[in-house]
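The report below takes up one residue and its surroundings, then the nonpolar cores, and then the contact between chains.

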Amino acid sequence: MQNQIHSFRNFLSLGILMLMFAAFVAPVAAQSVLPPGNAVNLDDGIEEGPSNALGNLSDTEIWDIFRGGNPRDILAPTIEGQVMTTTGQQWRVIREQYILKYLGWAPLIVIGILAVFYLIRGPMKIAAGRSGKTIPRFSLSARVAHWFMAAIFIILGLTGLVILLGRVVIAPYLGLEANSVLTSAALQGHNLFGPLFIFALIWLFIKFVRGNFFQWVDLKWIFKLGGFFGGHVSSRQFNFGEKIWFWMVILVGIVISITGIIMLFPSLVEDVRWLQLSTILHAVGAVGLIAVAFGHIYIGTIGMEGSIDSMLKGEVDENWAKEHHDLWYEEVTGKSATEETEAPAKEEIS
Amino acid sequence: MSFLEFVQGPMFIFAATVFVLGALWRLVGIIKIGRKKDISPPKASAAAGFIKGNLRHFWPRGIFAKRTMVHIVGGYGFHLGLFALIFFGAYHIDFLNERILGFSWPAMPRWAFLMVSGIAFAGLIILWVRRISDPVMRLISDKDDHIGSWLTFLVMLSGCFALEQAHDILRAIHMLLVNIWLLYFPFSRLMHGFTFFLSRGSSGATYGRKGIDL
């Protein structure tokens with residue numbers, strides 16, 4: 001501490017010397033060095049302070065006094081009593097060195113994995129073919145809730161990616177002006193559609209929470225890796241993969257919603273570090289959801305024959321239900337999924 | 001003349017003229033079709049039936065209300081929201097005042113504008129999502145329905161994108177889409193914005209004349 005006070009005195013002495021130098025020498029310099037004739041003299045009302053106030057004695061200990069606490073601890077409990085906080089520097093490092101550099105790759109990596117998987121495995125066909133008979137799977141209101149969330153998710157995803165990655169992805173190719181226009185548009189759209197995401201999340205939760213809790217049959221799904229690499233996996237209305245996706249949307253969605261509200265209304269939090277943490281959690285959570293959503297879209301469309309019917313028509317083919325949700329099929333129809341699946345096979349053998 | 005000046009100047013005047021004349025032409029055409037003379041003696045007033053038919057259709061009967069609740073909430077949210085945005089949004093009032101009417105009226109505060117925008121967007125998305133999710137709605141919907149929905153959505157979205165008023169190009173894109181919407185309106189099912197009271201009134205008048213209690 002004694003060293004710090006000593007250093008601080010040195011700093012003040014140097015500052016006073018420099019001010020005296022500036023007071024005597026600067027007017028002379030102003031008379032001898034004339035600005036060019038076409039220079040514009042802006043009277044912005046800001047008086048220039050002494051330059052190079054620290055001289056060549058930049059003392060990190062002085063700054064440590066100003067900072068107080070541990071400047072690298074972004075979750076430190078309080079910033080009271082500090083002259084300045086440096087958490088913004090850590091926030092900027094996390095944002096620029098990690099989020100902006102690497103986060104955008106996550107959805108692209110997932111798309112790449114899905115493309116390779118599709119090339120190797122191909123689409124999962126209905127083994128017994130379509131029966132031509134359908135059973136109801138999702139009500140109209142459940143489908144509307146799903147597509148409403150999908151629409152809001154796409155709008156927020158696109159606008160959010162422009163806001164987050166525009167400077168590193170768009171600006172180098174289309175220019176700063178184009179990026180400015182796109183970011184301005186995206187920001188307004190993102191802010192306006194954000195509250196609708198909360199509404200969509202609540203609606204989705206109410207419509208789909210039933211049947212999405214853990215059941216013992218889910219253990220089989222986990223051990224057999226969902227049947228993606230062969231073998232039959234029994235499941236009820238939702239398999240374990242669907243349940244994981246549902247809870248991921250709900251829980252990460254809650255985090256995104258809360259952090260989004262904090263960013264929309266920064267005055268809600270007194271400590272600026274909550275705001276900094278919110279931007280990081282919001283970006284990581286949202287891009288994570290976008291990445292996993294590609295998997296959801298893949299399995300719901302080209303990855304699995306017949307699965308899109310459940311959300312487009314509300315009905316699924318009976319053979320699809322027997323193969324992917326056999327226990328649910330038995331619950332709904334009262335018939336045995338195994339017996340009816342085996343029946344055509346016996347005929348073929350005979 | 002800049003692109004913005006063009007789309008909110010000559011192009012807007014042209015589009016607005018086509019909108020007004022086209023809509024009038026369609027309405028007069030529908031009214032002029034008339035109907036076959038009913039020679040039976042009227043049991044009650046057709047005019048009262050016309051009004052009752054219009055009022056009665058603002059809410060579905062009995063079980064239909066519950067079965068179509070998503071449609072009702074989405075429909076009212078979108079239509080009332082859009083009406084409020086167009087006629088009580090500060091930007092729109094300023095535009096109408098400066099370019100067409102020459103007078104203005106109180107506008108919604110910004111927070112209300114944003115809230116109503118959210119409701120209108122939610123309503124429109126719900127209506128379109130229902131159109132593709134309901135097998136019957138999907139079958140009876142054609143290109144015109146989808147173009148009308150998407151064009152309206154794009155007009156609203158471009159308006160939302162231009163809210164910051166920092167870039168002329170965003171405002172110009174919004175105005176361009178508004179003009180296309182105005183040109184498309186009279187010749188599409190968007191005309192239901194004007195014809196709904198005629199169809200409801202026509203049914204109401206027919207039943208009213210026959211003395212059927214609506």
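## A:Ile290 and its surroundings

A:Ile290 lies in helix 9 of chain A, residues 272-300, where helices are DSSP runs of H or I with at least four residues, numbered from the N terminus. This is a predicted model, in which local features need pLDDT of at least 70 and side-chain atom pairs count only at pLDDT 80 or more, while totals for chains, interfaces and linings use all residues. Residues are numbered from 1 along each chain as its sequence is written, and chains are lettered from A and ligands numbered from 1 in the order in which they are written.

A:Ile290 counts as buried because it has 21 C-beta neighbours inside 10 Å, the cut-off being 20 or more other C-beta atoms within 10 Å, with C-beta atoms placed from the backbone. Leaving aside residues up to four places away in sequence, A:Ile290 touches A:Pro107 and A:Gly157, contact requiring C-beta atoms within 7 Å.

## Nonpolar cores

The largest nonpolar core (buried Ala, Val, Leu, Ile, Met, Phe, Trp, Tyr and Cys residues joined through C-beta atoms within 7 Å) has 68 residues, and those with the most contacts inside it are A:Phe148, A:Ile152, B:Ala120 and B:Ile125. Helix 5 of chain A gives the largest share of this core, 14 residues.

Another core, of 7 residues, lies apart from it and includes A:Val316 and A:Tyr329.

## Contact between the chains

Chain A brings 18 residues to the contact and chain B brings 22 residues. On the side of chain A that touches chain B, helix 6 of chain A supplies the largest share, 10 residues.

Terms used:
Two residues are in contact if their C-beta atoms, placed from the backbone, lie within 7 Å. Helices (H or I, at least four residues) and strands (E, at least two) are DSSP runs, numbered from the N terminus. A residue is buried if 20 or more other C-beta atoms lie within 10 Å of its own, exposed if 12 or fewer, and partly exposed in between; C-beta atoms are placed from the backbone.
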